[in-house]
Amino acid sequence: MAGVYIRRHGSVMVDSPSSSSAVHPRNQPTPAAVALRWRSDSYQVNGPCNSVDPLGNNPRTAEPGPVVQLTKLRHNCPAHEDDLQSPHHYQQGFISVISENRKSITFQNNNEPPSSIELSWWYIFCLKCRQKEVGPGWEPGCWPKTCPHPYCPSYRHVARILALLVTVTLFWGVVLAVMGSDAKPGGQLFNIAVLVVFAYLGGWVFRMLTLPALVGMLLVGIVYKNVGLIHIEGHYTELVSMLRKIALVVIFTRAGLDLDPVALKKLYCRVLFLALVPWCTEAAVIATTVHYLLNLPWPFAILCGSIIAAVAPAVVVPCLFRLRTKGYGVAKGIPTLIIAVAGIDDAASVIAFGVGTSMLFGSNSVTYDLLLSPVSIAAGILYGLIWGFIVKYVPERSDPYVVPLRILMLTGGGLLAVLGFERSSLEGAGPLAVIISSFTSIYFWTKQGWNIEDNPVATAFEIFWMICEPILFGLTGTQIVLKELDLKFVTVTVMCVAIAFVSRIFITIIAASGSSLNFKEKLFIALSWMAKASVQAALGPAVLEVALNNKNQDHIDYSRTIVMVCIISILLTAPAGAIIVSLSGTRLLTKAKPSNEQWRRGPRPSIRDITLNSEDEENGTSVSNDLQVQECISDVAKSECTAAEDRSDKI
């Protein structure tokens, strides 16, 4: 709470050799030569620049700029001016070094490394990778000494990893006993499992670099295929197809659950306009460029454009949650608008995918396919509405098992829709039914009292996505064979995607005219819709799978081109989109104050949220979130912080 004192109050007591005490305002620079002193019942600030070790050892060299010491006092110590230099004030607690040059506050425990180590890149990287465990727990007495935090993982983390490894080993043993040689090292099933594991590790590395994890997973799949470590054939192609369909259900269920019914009801005209106009523009540009530059026939070019035009929630949503956690853009509902448009874009791509595959690969006449397309759309919408209405009443909302039962109901209904409509030659109705059913469910659940920002079913599907994400992107990466790629093809594809991206930016800014958004906010919205990922990784290989079942070599070649365009668009736009959204959000969006009634912390924040700094717009001071968590880690510390804040308000 020391940061609270210094941020909230405009003065500190100053003792100097020439004067007794003076008060310096917050924004007035404090001379480096004077000694700062401030005291409450729980904290004291004293100086000068050379700080004394709390145990009475040699003084430490101060950092450049005005530096003071902040010491947490024991409750039984009298708050008297004569006792300020008493040694027992420093026996417990922590020291905070405040530097005006760095504009930051760093809390350092007496048992932690000195500040020179804390500022090293290795310490910061380790602290970012491993957060200190909170809550009750047990660890061997020698663990803190042999494996200090944050350079080594906590015992809880190590035990969790060991438990997972043991579980995976036992599961592999069971599969080996049932499947035989295919589950042995070198078998296809074993190679697929190893690919998924390494794809997850590749995603973890990219996540530590603050890049989308899916890019690392995709690259692992590409390397795995081109090194020759995997070759899927036989009945395992059906297994891979089933895994993709399961991932497809998880993707579109999450897309439906992330839609805000209240926001859509209030602004449905504006949301639909901002969703469909840029989507149609980008799809048309992609279709035109790939037709003339890549020689794709118009039907396949239009199908490719409708797939590429979808926005990737897997890239956009985590970045928006981190920005919304800091209050950027929430005053005008920009994060909700972007997420809603992403869901509608996905639904439009799903409809176009269903209609396109039915007309391209169907054995019926063109007239029959044209009549079947609206039937497919209507069937998907009707199925989703009925299933969402059923989930409203079954299970009963006060049932103690309502959460797992609703998860099972949505999952089972989505799988049945995708697999069942595929059998009935209505492929496009399945994914559309998944989105509609999840959206209808969240609409009724919010009426029953569930908060869309804290939905346990959506949390469960996020866990499912953590499992499906390396499977989907790792297997999608295996579709790329580098020796078969032509440099000219890659260059032309990059050009097509870039032209479509620039066109969408201009159209989005024009489509947002007449709204309450300023130019910077319109530009941010346009930039946030550039990323491609999950929809392209799911629908692109699905087109190739349908073409392989059709056994038409020309269709297979055209479908492979669509898959290549999808993968190149992911590699090009996913990392660029994440970086642009993260960096431009704080510059293009307006930050809402925490007291604003529309400001709220985002749901299910990513672990990377703790690395962001809470910025004070008035004086530029920042306090690291992970240090704030450590500051009030126990109940006693929380009560001290609350009491100290109350006393400071009275002062």
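**Notes on a predicted model**

1. Start at the tail: over residues 595-651 the pLDDT (the predictor's confidence in each residue, from 0 to 100) stays under 50, and the model has 109 contacts for this stretch beyond four places in sequence. A contact here means heavy atoms within 4.5 Å. The other end has a similar story to tell: residues 1-43 also stay under a pLDDT of 50, with 105 contacts beyond four places in sequence. Where pLDDT is low, the predicted coordinates should not be read in detail.

2. Some ground rules. This is a predicted model, in which local features need pLDDT of at least 70, side-chain atom pairs count only at pLDDT 80 or more, and totals for chains, interfaces and linings use all residues. Residues are numbered from 1 along each chain as its sequence is written, and side-chain values use heavy atoms, with hydrogens and water left out.

3. Now the whole chain. Its average pLDDT is 75, and 70% of the residues score at least 70. You'll find 23 helices and 10 strands; these are DSSP runs (helices H or I, at least four residues; strands E, at least two), numbered from the N terminus. Of the 651 residues, 49% count as buried, meaning under 20% relative accessible area (exposed is over 50%, partly exposed in between; 1.4 Å probe, protein chains only). Among contacts with a separation of 6 or more, 70% join residues 24 or more positions apart.

4. How far should helix H6 span? Its 21 residues (188-208) should cover 30 Å at 1.5 Å a residue, and the end C-alpha atoms are indeed 30 Å apart. The expected span is 1.5 Å times one less than the number of residues. Buried residues in H6 include Gln 188, Leu 195, Gly 202 and Met 208. Just after H6, look for Thr 210, which takes a positive phi of about 60°.

5. Helix H18 (residues 487-511) gets the same check: with 25 residues, H18 reaches 36 Å from first C-alpha to last, close to the 36 Å expected. Among its buried residues are Phe 489, Cys 496, Arg 504 and Ala 511. Helices H10 (268-293), H13 (334-361), H19 (519-528) and H21 (553-588) are included in what covers them.

6. Which helices cross at roughly 35°? H14 (residues 366-393) and H16 (residues 429-447) do, with axes that come within 7 Å. Axes are lines fitted to C-alpha atoms, for helices over the stretch in contact, with angles from 0 to 180 degrees between N-to-C directions. The crossing is right-handed: the near helix is turned clockwise from the far one by less than a right angle (anticlockwise would be left-handed). Ile 377, Gly 380 and Trp 387 of H14 take part in the contact, as do Leu 432, Ile 436 and Phe 444 of H16.

7. Val 350 or Leu 405: two residues worth clicking on. Val 350 sits in helix H13 and counts as buried because its relative accessibility is 0%. Val 350 touches Phe 252, Gly 428, Pro 431 and Leu 432, leaving out residues up to four places away in sequence. From Val 350 to Ile 377 is 27 residues in sequence and 9.7 Å in space, C-alpha to C-alpha. Leu 405, in helix H15 (residues 402-423), is partly exposed, at a relative accessible area of 32%. Leu 405 touches Pro 395 and Asp 399, again not counting residues up to four places away.
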